[in-house]
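Work through the exercises below with the sequence and the 3D structure at hand. Try each task yourself before you read the solution that follows.

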Amino acid sequence: MSDYLNQINPKRTNPVIESILQEANMLGTPIIRIDAINFIIQLIKAANIKKVLEIGSAIGYSSIMIATFTDAEVITIEKNEENYKRALKNIRNAKLESKIKLILADANEYNLSEDDQFDLLFIDASKSSYIRFFEKYESHLNEHGIIITDNLLFHGFVESPESIISRNKKQLVRKINNFNEYIVNHPDYDTYIYQIGDGLSLSIRKV
Ligand SMILES: C[S@@+](CC[C@H](N)C(=O)[O-])C[C@H]1O[C@@H](n2cnc3c(N)ncnc32)[C@H](O)[C@@H]1O
């Protein structure tokens with residue numbers, strides 16, 4: 001985000017959020033960028049979203065931002081035990097246990113109860129599994145459900161794959177590109193990918 005926008009936009013923060021940002025910085029944990037989480041917060045408010053399912057909690061930053069600055073409740077799934085423990089501690093410090101349910105599981109294998117229905121699915125975990133996450137969890141969306149995914153530009157590499165040297169990174173970028181084509185062409189969703197954060201998609205279920 002530009003310095004100007006950073007300065008003029010409202011600051012959504014508090015001491016717990018500041019300490020999570022420092023923790024993520026110290027550990028090198030990737031978390032959502034400030035413009036992207038604020039876009040999601042605005043969308044949750046505008047669309048009156050009440051239930052969010054997040055895939056990929058990391059240390060709890062995005063779920064705590066959502067639960068602090070909106071009325072929505074969040075269920076969030078994290079497979080890394082170290083991250084899970086840190087997220088649990090941060091959720092407790094933020095006193096948000098009643099609004100955030102944190103689950104330690106691999107989202108590829110976890111099964112939600114059939115009754116669990118969400119207004120928003122936010123996918124922010126292993127990029128190579130994005131199509132699988134989309135297909136596995138979209139059945140838990142309400143009729144007017146929305147799906148958001150992050151990192152679809154992957155630091156600009158998706159737009160300029162010729163600059164990549166590593167084979168693994170090339171493969172990952174190919175998978176992200178496949179996902180991008182998959183969502184924009186999905187017959188059941190109306191999708192647009194934005195230059196927000198690291199590339200954010202917004203898919204709205206067609207009714
Ligand atoms: C980019 S970070 C999430 C950042 C977080 N949403 C935020 O903005 O604060 C991705 C997280 O997804 C987790 N993850 C990756 N694959 C996963 C899977 N299959 N199931 C659950 N979590 C997964 C990783 O361990 C990592 O903590």
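**Exercise 1.** Is Val52 buried or exposed?

*Solution.* Keep in mind throughout that this is a predicted model. Begin by locating the residue: Val52 belongs to strand E1, which covers residues 51–55. Next, count its surroundings, and you find 26 other C-beta atoms within 10 Å of Val52. A residue is called buried if 20 or more such atoms lie within that distance, so Val52 is buried. Then ask who the neighbours are: leaving aside residues up to four places away in sequence, Val52 touches Ile66, Ala72, Val74, Phe118, Leu120 and Phe122. Finally, set a distance in space beside one in sequence: Gly28 is 24 residues from Val52 along the chain, and their C-alpha atoms are 26 Å apart.

**Exercise 2.** In what order do the seven strands form the open sheet?

*Solution.* Reading across the open sheet, the order is E3-E2-E1-E4-E5-E7-E6, and the pairing is mixed. The edges of this sheet are strand E3 (100–104) and strand E6 (189–194), each of which pairs on one side only. From one strand to the next, the twist averages 15°. As background, strands of a sheet pair through backbone hydrogen bonds, in either a parallel or an antiparallel manner.

**Exercise 3.** Describe how strand E4 is joined to E1 and to E5, and which helix packs on the sheet touching these strands.

*Solution.* Take the E1 side first: E1 and E4 pair in the parallel sense over four bridges, and the bridge partner of Val52 in E4 is Leu120. Leu120 is also among the residues that Val52 touches. Now turn to the other pairing, where E4 (residues 118–123) and E5 (residues 141–149) run parallel and are joined by five bridges. Within this pairing, Leu121 stands opposite Ile147 in E5, while Ile123 has Thr149 in E5 as its bridge partner. Helix H6 (residues 130–137) packs on the sheet and touches E1, E4 and E5, its direction making about 165° with that of E4. As a last step, consider how far E4 is covered: five of its six residues are buried, which leaves the strand mostly covered.

**Exercise 4.** At roughly what angles do helices H2 and H3 cross H4, and what kinds of residues form the contacts?

*Solution.* Start with H2 (residues 15–27) and H4 (residues 61–69), whose axes come within 10 Å and cross at roughly 165°. Because angles over 145 degrees count as roughly antiparallel, H2 is roughly antiparallel to H4. The crossing of H2 past H4 is left-handed. In this contact, Ile17, Ile20 and Ala24 of H2 meet Tyr61, Ile64 and Met65 of H4, and the residues divide into six nonpolar, no polar and no charged.

Continue with H3 (residues 34–46), whose axis also comes within 10 Å of that of H4, crossing at roughly 35°. H3 passes H4 in a right-handed crossing. Here Ile37, Ile40, Ile41 and Ile44 of H3 meet Ser62, Met65, Ile66 and Phe69 of H4, and the residues of the contact divide into seven nonpolar, one polar and no charged. To link this back to the opening exercise, notice that Ile66, which takes part in the contact with H3, is also one of the residues touched by Val52.

Notes: Residues are numbered from 1 along each chain as its sequence is written. This is a predicted model: local features need pLDDT of at least 70, side-chain atom pairs count only at pLDDT 80 or more; totals for chains, interfaces and linings use all residues. Axes are lines fitted to C-alpha atoms, for helices over the stretch in contact, and angles run from 0 to 180 degrees between N-to-C directions. Helices (H or I, at least four residues) and strands (E, at least two) are DSSP runs, numbered from the N terminus. Angles under 35 degrees count as roughly parallel, over 145 as roughly antiparallel, 65 to 115 as roughly perpendicular and the rest as oblique. A crossing is left-handed if the near helix is turned anticlockwise from the far one by less than a right angle, and right-handed if clockwise. Two residues are in contact if their C-beta atoms, placed from the backbone, lie within 7 Å. Ala, Val, Leu, Ile, Met, Phe, Trp, Tyr, Cys and Pro count as nonpolar, Asp, Glu, Lys and Arg as charged, and the others, Gly among them, as polar. A residue is buried if 20 or more other C-beta atoms lie within 10 Å of its own, exposed if 12 or fewer, and partly exposed in between; C-beta atoms are placed from the backbone. Two strands pair if DSSP finds at least two bridges between them.
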